[in-house]
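Q: Please take a close look at one part of this model, the salt bridges and the core beside them. Which residues take part, and where do they lie?

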Amino acid sequence: MAHYEVLEINQGTDVSVELHLVNVDNSIKDMTGHSVSAKLSTHYDAKDSDKITFLSLIANPATAGIVNLSLTNAVTAALNPKKRYVYDVEISHIDSDTNNTIVERVMEGLITITPSVTT
């Protein structure tokens, strides 16, 4: 089950979120061979063209279990503070036994936008 978190983004600012992933037994999740993807949208069933993609990177070393998500100030300036957004973060890897892609949602929730006078 994914961790649920409400995020607040200041409109017109650079945003960076650092996730420290752990396994069920609280050991650090080894992200070697994994990829990460994160998107936000005004609603869950939005078309892909209406979704905003976070820059999503696995930090070195991958064995530390750290994922970095970011949005530029130009992206957050375009977000509407009168709307609430939904987001999720998924990690994936290829199962070595079956050669199938395994996808796991690790985080999800709502995003609120704090308006900016300067932007």
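A: What follows goes through the salt bridges, then the nonpolar core, then one polar contact in a loop.

This is a predicted model, in which local features need pLDDT of at least 70 and side-chain atom pairs count only at pLDDT 80 or more, while totals for chains, interfaces and linings use all residues. Residues are numbered from 1 along each chain as its sequence is written, and side-chain values use heavy atoms, with hydrogens and water left out.

The structure holds 4 salt bridges, a salt bridge being a side-chain nitrogen of Lys or Arg within 4 Å of a carboxyl oxygen of Asp or Glu. One of them pairs Lys-29 with Glu-104, with 3.9 Å between the closest N and O atoms. Because Lys-29 sits in the loop between E3 and strand E4 (35-41) and Glu-104 in strand E9 (residues 101-114), this pair ties together parts that are 75 residues apart in sequence. Strands (E, at least two residues) are DSSP runs, numbered from the N terminus. Lys-29 counts as buried, at 15% relative accessibility, whereas Glu-104 is partly exposed at 37%. Here buried means under 20% relative accessible area, exposed over 50%, and partly exposed in between (1.4 Å probe, protein chains only).

A second pair is Asp-88 and Arg-105, whose closest N and O atoms are 3.5 Å apart. Asp-88 belongs to strand E8 (residues 84-94) and Arg-105 to strand E9, 17 residues apart, so distant parts of the chain are linked. Arg-105 is partly exposed, with a relative accessible area of 38%. Arg-105 also forms a salt bridge with Glu-108, at 3.0 Å between the closest N and O atoms. Through shared partners, Asp-88, Arg-105 and Glu-108 join into one network.

Val-89 touches both Glu-104 and Arg-105, and its other contacts include Leu-19, Val-36, Leu-69 and Val-106, not counting residues up to four places away in sequence; contact means heavy atoms within 4.5 Å. In the largest nonpolar core, which has 24 residues, Val-89 is among those that touch the most other members, together with Leu-19, Leu-40, Phe-54, Leu-69, Tyr-87 and Ile-111. Each of E2, E3, E4, strand E7 (66-71), E8 and E9 supplies at least two residues of this core. A nonpolar core is a set of buried Ala, Val, Leu, Ile, Met, Phe, Trp, Tyr and Cys residues joined through side-chain atoms within 4.5 Å.

Finally, Gln-11 lies in the loop between strand E2 (7-10) and strand E3 (15-20). Gln-11 is buried, at 12% relative accessibility. A polar atom of its side chain lies 2.9 Å from the backbone oxygen of Leu-79.

Conventions. Helices (H or I, at least four residues) and strands (E, at least two) are DSSP runs, numbered from the N terminus. A polar contact is a pair of N or O atoms within 3.5 Å; within protein, one must be able to donate a hydrogen and the other to accept it, and residues adjacent in sequence count only if both atoms are side-chain atoms.
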